[in-house]
Amino acid sequence: MSRDEKIRSMLTEEEKGMIDEELSHYPTTRAGGIEALKIVQRRRGWISDDLLLAVAHHVGMAPAELDRSATFYNLIFRRPIGRHVVLVCDSVSCWLMGADRLRDRLRHRLGVGAGETTADGRFTVLPNVCLGACDRAPAVMIDETLHGPLTEDELDRLLDSQMP
Amino acid sequence: MNDDRPLTGQIRRHGPPPTLSEYEDCGGYAPVRTMLSHMTPEDVQQEVMNSNLRGRGGAGFPTGQKWSFVPMGADAPRPKYLVVNADEMEPGSFKDRLLLEGHPHRLIEGIIIAAYAIQAECAYVFVRWAYHPSVIALGRAIREARETGLLGHNLLGSGFSLTVHVHTSAGRYICGEETALLNALEGHPVIPRSKPPYPQVCGLWGKPTIVQNVETVCNLPHILAHGAKWFRNLGKGKDAGTKLYAVSGRVKQPGVWELPIGTSMREILEHHAGGMQEGYAFRAMQPGGGSTGFLTEDHLDLAMDFDSLSSVGSRLGTGTAIVLDDRTCPVGFVRNLEHFFAQESCGWCTPCRDGLPWVERLLADIDNGNGRPQDVEILERHVTLLGPGRTYCAHAPGAMEPLKSALRYFRSDFDRHIHDQRCPWKSQGTEA
């Protein structure tokens with residue numbers, strides 16, 4: 001199978017169906033590009049070069065244009081990530097309520113800093129702008145669930161409770 | 001309906017949002033039914049104009065006036081679009097989340113009203129990625145509304161049709177800027193557009209478009225239900241309606257409350273947020289999110305409305321206040337803010353792209369004990385060079401508002417950092 005054929009066959013029928021449904025919301029296909037990447041990322045964790053090409057082909061965008069969007073948005077992952085993504089709010093309300101202590105605990109506990117993934121592939125830690133949870137500061141989001149306010153020990157227990 | 005809290009009176013703080021039938025039992029969608037059978041789009045525009053509703057996203061532009069720029073009539077370009085800005089990402093802001101999660105049907109009813117007023121046939125709700133529960137709640141409510149004939153083709157037999165889509169973003173603060181948001185929706189590089197032309201005339205895909213904040217739209221159902229005069233009387237001062245106010249920081253009860261617009265900061269801080277936590281004293285606050293200028297103790301009795309806060313060099317912004325306490329370093333506070341703005345600059349225009357990182361670096365130097373005497377003057381110069389009129393959009397000018405006011409109110413703290421070559425709030429020997 002040529003590389004071109006391989007790339008064309010990468011997306012599942014389910015993914016293509018979901019992408020097409022999203023594309024139908026817009027008068028141009030490029031408007032659905034980010035949505036398409038998110039559909040694929042949700043299933044596969046991150047967007048490899050081959051997946052980017054596959055999505056670009058399906059959506060009908062130049063790969064470079066789609067990659068410009070993909071690399072602009074901080075929540076489209078173009079590199080491998082862990083099984084769980086820990087977003088630590090680093091904006092002002094969380095900062096003044098002790099977000100640095102959570103960040104330090106993560107570094108100590110997981111041995112990784114911002115932008116890094118644990119050696120066992122379980123967690124990726126990323127700083128994130130204001131999560132819109134300033135009344136629950138300091139807050140973190142693990143995968144798609146918001147948690148806060150958190151002490152360091154509560155964060156520890158939360159990490160323990162995540163499935164492997 | 002809870003008359004003094006029309007936006008939030010039906011929200012259950014710890015329960016699911018009202019379903020369509022629960023909402024209808026409380027009078028929900030009655031305004032839309034009346035509107036579709038008895039009002040022309042011009043009637044709706046006039047009522048909203050009379051209500052003196054001003055945009056709740058930060059700029060405070062009168063909503064009725066915004067709508068009046070949209071071409072109407074048979075010759076108007078088609079389709080027209082309504083875009084709801086639910087990309088709440090300004091540091092310190094968490095008010096729209098309450099409305100999105102707590103009462104999506106009210107938002108949908110507001111969307112129908114706004115779309116009808118400008119005769120838009122398609123609406124997008126642009127929601128930030130992090131608001132997963134909001135997206136789920138909205139999706140469910142849209143389905144319910146569609147099944148009842150409140151959305152879709154020929155609403156309730158009125159001849160007016162409206163489709164609503166939810167668009168979830170993937171991060172980046174600049175997407176909340178009105179014209180950058182339009183580029184984001186179209187799948188183009190997310191940078192602000194040059195104005196004019198304004199979106200009302202040439203917006204999404206070059207068609208007439210209104211971009212409106214969530215809270216603004218949620219006000220429309222009760223304006224139609226009770227009338228413009230009733231709405232105007234909800235406010236305490238010159239402005240009309242209620243406002244979602246919020247407080248975060250070292251207060252006893254951080255949170256968000258719906259209060260008459262024009263309530264004083266003191267009342268919000270002391271009565272609703274419960275005052276400062278034990279062991280912390282109030283030093284200053286940003287009244288309306290990370291891009292608004294600091295205000296101090298002297299300003300606490302001011303009304304939290306558009307004109308009162310502008311008159312002292314700040315802004316109502318989103319109405320979500322962040323409190324600076326006496327045990328937090330103001331230089332560190334501003335450094336955190338400018339890190340955010342520098343990181344989130346889209347890079348399109350030079351003052352913002354190059355100026356903000358420079359500002360952040362100077363503040364980091366000062367905070368870390370490496371500040372030079374001339375640094376404050378360089379910061380002052382940036383306040384001018386990145387100010388209004390120098391950039392494509394309000395991102396850099398917004399970033400300069402807290403810096404400008406910090407240099408004014410906390411000047412001695414900046415000087416002390418530079419003179420002592422250390423941050424007085426950090427214990428000896430520790431570094432940020």
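The buried residues of helix α3 in chain A are covered from several sides of the model, which is a predicted one. What covers them includes α2 (13-23), α4 (49-59) and α5 (63-72) of chain A. Strand β3 (163-168) of chain B is also part of that cover.

Now take the helix itself. α3(A) runs over residues 33-44, twelve residues in total. From first C-alpha to last it reaches 17 Å, close to the expected 16 Å. Buried here means under 20% relative accessible area. Nine of the twelve residues meet that mark, so the helix is largely enclosed by the rest of the structure. Among them are A:Ile34, A:Leu37, A:Ile39 and A:Val40. A:Glu35, A:Lys38 and A:Gln41 are buried too. After the helix comes A:Gly45, with a positive phi near 90°.

Step back to the whole of chain A. Domain 1 spans 3-72 and domain 2 spans 84-161. Their C-alpha centres lie 30 Å apart.

Next, chain B. Here five strands form an open sheet with mixed pairing, in the order β6-β5-β9-β7-β8. β6 (255-260) and β8 (295-296) stand at the edges. Each has a single partner strand, so one side of each lacks a neighbour in the sheet. Strands of a sheet pair through backbone hydrogen bonds, either parallel or antiparallel. For β5 (242-248) and β6 of chain B, the sense is antiparallel, over six bridges. In this pair, B:Val247 stands opposite B:Gly255. Helix α14 (330-344) of chain B packs on the sheet, touching β7 (282-286) and β9 (320-325) of chain B. The direction of α14(B) makes about 145° with that of β9(B).

Technical notes. Residues are numbered from 1 along each chain as its sequence is written. Chains are lettered from A and ligands numbered from 1 in the order in which they are written. This is a predicted model: local features need pLDDT of at least 70, side-chain atom pairs count only at pLDDT 80 or more; totals for chains, interfaces and linings use all residues. Side-chain values use heavy atoms; hydrogens and water are left out. Domain bounds come from an automatic or database domain assignment. Helices (H or I, at least four residues) and strands (E, at least two) are DSSP runs, numbered from the N terminus. The expected span of a helix is 1.5 Å times one less than its number of residues. Buried means under 20% relative accessible area, exposed over 50%, partly exposed in between (1.4 Å probe, protein chains only). Contact means heavy atoms within 4.5 Å. Two strands pair if DSSP finds at least two bridges between them. Axes are lines fitted to C-alpha atoms, for helices over the stretch in contact, and angles run from 0 to 180 degrees between N-to-C directions.
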